[in-house]
Amino acid sequence: MSELPHRPLRHSDLADLDHRDPLAPFRRRFQLPKGVIYLDGNSLGPLPTAVPERLSRVIEEEWGRSLIRGWNDHDWIGLPLRVGEKIGRLIGAESGEVVVTDSTSVNLFKLLAAALKARPGRSTVLVEEDGFPTDTYMVQGLLDLVGGHRLRRAPAEKLAEALDDDVAVMLVGHVHYRSGALRDLHGLTAAAHHHGALALWDLAHSAGAVPMELAACRVDLAVGCGYKFLNGGPGAPAFLYVARRLQDELTQPLSGWLGHADPFAFEADYRPAPGIARHLCGTPPILSMAALDTACDLLLEADLEALRAKSLELGGIFQRLVEERCAGLGLELAGPADPRQRGSQISLRHPHGYAVVRALVERGVIPDFRGPDVIRCGLAPLYLRYADLGAAVDHLRQALEEEPWRRPELQTRQGVP
Ligand SMILES: Cc1ncc(COP(=O)(O)O)c(C=O)c1O
């Protein structure tokens, strides 16, 4: 952490930090619109400059010229595993433990079903209360289908206590989507194992932003999104991790042909592929895979520990600026006060949070809103400057002073908040 003066922070303090920032050159590797301060890379990462060039090559040269030969000539068929290897390096997995496929929700379904089958005689799925809704929804859909199991919810800080010998699988988010709270990957996984349960982690808000060691923490299963901190683009495919020690034992129910041991033998019956490939289902979306592949290369150029160090500093400084510049304007911190207990985001609560977010977006500062009252600010260290924080918090103060909740047009909810 840099030494900062005790008086209120000035623009020059932040500019000095930018000057000394070893990650500063990465900003140029993203196409960021002028006049925008982007605080939503935790929801949809911005466009890496190398992606349009890669996509135009894939479209015009690979698809345009190779046609169907592209599956072999450009190894499109290998992309889910190749990109999986790259994401594996970002999340501390071993080789052959990650594949890119489907959406996070679908991958949750596959792994939850595989986990229930691997723990016969146990009838409980334990989930974090108030976790990301799709996680619970997917459990509910699955349990409705299989029958005879039940859902148990517990607050994240009580999950370890809520475990018992009836729990087949525990599902928890590594970073809470709304508050940004970072959970104890190692401790909770060990607690699940103590009761013979499997630990399934949702890494949507941590992959690419928080260094982690899935293999060393003996995490069993994990999923995560490609479009958030991994910067794979809107609707990018998701990833799925299964620890090698479980791969032979676990089978998933979406037994599509590309998860078959020999897809092009067109056999009459399903036989799961060995290893992580059995978690594939249908044809991979090559354009989106290629974009995610290029985006992962960019992240792999950076040192994740350096990213985390900057992210902690951004979080601490943002918090301090809000205290210094927005005191008495109705904001409250949502989530842990210690940046080390958060992912790469900071969430603020305001009774009129929605209108405040809309007013900020009008001013070119883009966070997002999560009901009922949370202004969620993603602090992606690869392209955010310290000076951006000062400017964003100044806009926040001005927006609050203007009381945007008095403007009816800012109260109307848009389709995507
Ligand atoms: C924590 C978390 N899990 C899962 C999802 C859902 O991912 P998908 O839409 O790819 O199914 C999201 C989406 O924002 C998320 O934030």
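A pocket, as the word is used here, is an open set of points on a 1 Å grid over the protein atoms alone, with protein on both sides within 12 Å along at least five of seven lines. In this predicted model, the space that the ligand takes up is the largest pocket. The points below turn from the surroundings of the ligand to the salt bridges and then to a nonpolar patch on the surface.

**Ligand site**

- The residues that surround the ligand are Ser103, Thr104, Ser105, Phe132, Thr134, Asp135, Asp202, Ala204, His205, Cys225, Tyr227 and Lys228.
- Polar side-chain atoms lie at short listed distances from oxygen atoms of the ligand, with serine 105 at 2.5 Å, histidine 205 at 2.9 Å and tyrosine 227 at 3.2 Å.
- Of the 390 Å² of accessible area that the ligand has on its own, the protein covers 82%.
- Two or more residues of the shell around the ligand come from helix H5 (104-118), and helix H6 (133-146) likewise gives two or more.

**Salt bridges**

- Across the whole structure, a search finds 30 salt bridges.
- One of them pairs aspartate 293 with lysine 86, whose closest N and O atoms are 2.6 Å apart.
- This pair links distant parts of the chain, since aspartate 293 belongs to helix H9 (residues 286-301) and lysine 86 to helix H4 (residues 79-90), with the two positions 207 residues apart in numbering.

**Surface patch**

- Ile59, Trp63, Leu67, Ile68 and Leu287 make up a nonpolar patch on the surface, and together they have about 520 Å² of accessible area.
- Within this patch, tryptophan 63 is placed in helix H2 (residues 50-66).

Definitions and conventions:
Residues numbered from 1 in each chain as written. Predicted model: local features only at pLDDT ≥ 70, side-chain atom pairs only at ≥ 80, totals over all residues. Heavy atoms only, no water. Patch = residues over 30% accessible without salt bridge, like charges linked within 9 Å, V, L, I, M, F, W, Y side chains within 5 Å. Areas by Shrake-Rupley, 256 points an atom, 1.4 Å probe, with all protein chains shown as cover. Salt bridge = Lys/Arg side-chain N within 4 Å of Asp/Glu carboxyl O. Helix = DSSP H or I, 4+ residues; strand = E, 2+ residues; numbered from the N terminus. Near = heavy atom within 4 Å. Polar contact = N/O pair within 3.5 Å; in protein donor to acceptor, adjacent residues only side chain to side chain. 1 Å grid on protein atoms, 1.4 Å probe; cavity = no way out; pocket = protein on both sides within 12 Å on 5 of 7 lines; lining within 4 Å. Sits in = over half its atoms within 2 Å of the grid points.
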